[in-house]
Amino acid sequence: MQLDLSGKTALVTGSTSGIGLAIAHGLAKAGATVVVNGRSADRVADAVSGLRDAHPSVSVMGIDADVTTQPGVDRLLAEIPAVDVLVNNLGIFGAVPALEITDDEWRRYFDTNVLAAARLIRSYLPGMIEAGWGRVIDIASDSAVVIPAEMIHYGVSKTALLAVSRGFAKAAAGTGVTVNSVIAGPTHTGGVEDFVYELVDTSLPWEEAQREFMRLHRPQSLLQRLIEPEEIANMVVYLASPLASATTGGALRVDGGYVDSILP
Ligand SMILES: NC(=O)c1ccc[n+]([C@@H]2O[C@H](COP(=O)([O-])OP(=O)(O)OC[C@H]3O[C@@H](n4cnc5c(N)ncnc54)[C@H](OP(=O)(O)O)[C@@H]3O)[C@@H](O)[C@H]2O)c1
């Protein structure tokens with residue numbers, strides 16, 4: 001399959017590390033002009049320089065802006081008024097016992113994981129519709145479907161994100177713009193590596209540690225290892241490509257079979 005995104009501009013929120021950075025690399029490899037985003041100017045600059053080194057023939061830009069705030073979005077829109085591909089990757093997660101989640105925490109999760117994505121779709125979708133082509137991809141989680149007891153606010157926010165994708169796909173019906181979400185499963189990012197070593201013997205080498213973690217704490221995964229960020233990125237690049245023209249309003253799973261269901 002030739003995934004050709006040359007001539008397209010793609011914005012990936014929260015892309016200085018983890019899954020977002022892998023998505024930025026995947027889109028650049030397919031020829032897209034990539035816009036990297038994060039809150040820290042230094043981390044954005046590092047990501048931009050890594051992307052330029054790896055993909056010297058494509059254009060890479062970086063915007064340090066907190067996209068959970070209206071001023072951050074205003075700054076982003078002033079620099080990047082239109083995109084062809086919007087990847088709402090930014091998302092926060094963390095364990096809190098259900099009865100201890102405060103109103104402020106519920107609001108913070110809603111603002112970061114749901115409203116930031118909806119606001120950016122609202123900002124960029126009209127331009128895509130006018131152009132007759134566009135792609136919106138929201139990064140959800142297995143937690144949207146299997147609500148984790150240790151972070152129900154995270155799960156609820158990702159369930160809402162699935163609804164955001166489905167709803168905006170309807171708003172873009174018949175326009176050439178597709179809107180989808182990707183249900184990512186447990187993925188090997190820096191934060192998750194620390195989390196694994198909190199739960200298994202720290203003297204184990206990484207391969208054994210993650211196998212032990214999956215066996216003890218994620219036995220329902222059919223993959224029985226963590227997903228690599230590039231494996232999530234592959235699905236995103238496909239969805240962003242012209243080849244995925246008939247897929248919209250969907251929730252596509254890259255969860256290693258973690259969700260025990262035929263459909264999401
Ligand atoms: N890791 C997993 O196992 C897993 C599983 C399922 C789904 N997911 C989802 O995948 C997405 C990415 O997760 P990840 O684990 O790769 O995340 P991560 O490693 O924690 O990366 C977060 C990124 O977001 C940026 N960021 C944080 N707050 C921001 C803000 N307010 N505005 C702009 N950028 C911000 C961070 O950069 P700065 O610190 O520089 O701002 C960083 O680049 C999330 O939506 C997550 O829910 C992850």
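## Surroundings of the ligand

Thirty residues stand around the ligand, counted as 30 in this predicted model, and those that come nearest are Thr16, Arg39, Asp66, Asn89 and Tyr154. Sorted by class, this shell is made up of 15 polar, 11 nonpolar and 4 charged residues.

Several secondary-structure elements take part in the shell, with at least two residues coming from each of α1 (18-29), β2 (33-38), β5 (134-141) and α5 (152-171). Of these, strand β5 gives the largest share of the shell, which amounts to 3 residues.

## Polar contacts and burial

Two side chains place an N or O atom beside oxygen atoms of the ligand: for Thr16, which is also listed among the residues that come nearest, the distance is 2.6 Å, and for Arg43 it is 2.8 Å. The backbone contributes as well, since an N or O atom of the main chain of Gly91 lies 3.4 Å from a ligand oxygen atom. The ligand taken alone exposes 900 Å², and 89% of that area is buried by the protein.

## The largest pocket

The site that holds the ligand is the largest pocket of the model, and its volume comes to about 1,300 Å³. Its lining consists of 50 residues, of which Gly91, Ile92, Phe93, Tyr154 and Thr189 are the closest to the centre of the pocket. Two of these names recur in the description of the ligand, Tyr154 as one of the residues that come nearest to the ligand and Gly91 through its backbone atom at 3.4 Å from a ligand oxygen.

The elements that each supply at least two residues of this lining are α1, β2, α4, β5, α5 and α6 (190-199). The largest share of the pocket lining, 4 residues, belongs to α6, whereas in the shell around the ligand the largest share belongs to β5. By class, the lining of the largest pocket holds 21 nonpolar and 21 polar residues, together with 8 charged ones.

## The second largest pocket

The second largest pocket encloses about 250 Å³ of space, and two elements, α1 and α8 (229-240), each give two or more residues to its lining. Helix α1 is thus named for this pocket and also for the lining of the largest pocket.

The residues that line the second largest pocket are Leu3, Ala22, His25, Gly26, Lys29, Ala30, Glu230, Ala233, Asn234 and Val237. They divide by class into 5 nonpolar, 3 polar and 2 charged residues.

## The enclosed cavity

Apart from the pockets, the model has 1 cavity that reaches 30 Å³ or more, and the volume of the largest cavity is about 50 Å³. Its lining is formed by Thr13, Val67, Asn88, Leu90, Thr112, Asn113, Ala116, Ala117 and Leu161.

Helix α4 (residues 103-131) provides the largest share of this lining, with 4 residues, and α4 is also one of the elements that supply at least two residues to the lining of the largest pocket. The cavity lining contains 5 nonpolar and 4 polar residues and no charged residue, while charged residues do occur in the linings of the largest pocket and of the second largest pocket.

Conventions. Residues are numbered from 1 along each chain as its sequence is written. This is a predicted model: local features need pLDDT of at least 70, side-chain atom pairs count only at pLDDT 80 or more; totals for chains, interfaces and linings use all residues. Side-chain values use heavy atoms; hydrogens and water are left out. A residue is near a molecule or strand if one of its heavy atoms lies within 4 Å of it. A polar contact is a pair of N or O atoms within 3.5 Å; within protein, one must be able to donate a hydrogen and the other to accept it, and residues adjacent in sequence count only if both atoms are side-chain atoms. Accessible areas come from the Shrake-Rupley method with a 1.4 Å probe; for residues, only the protein chains shown count as cover. On a 1 Å grid over the protein atoms alone, a cavity is a set of points where a 1.4 Å probe fits but cannot get out, and a pocket is an open set with protein on both sides within 12 Å along at least five of seven lines; lining residues have an atom within 4 Å of a point. A molecule sits in a cavity or pocket if more than half of its atoms lie within 2 Å of its grid points. Ala, Val, Leu, Ile, Met, Phe, Trp, Tyr, Cys and Pro count as nonpolar, Asp, Glu, Lys and Arg as charged, and the others, Gly among them, as polar. Grid points are joined across faces, edges and corners, and a volume is the space filled by probe spheres set on the points.
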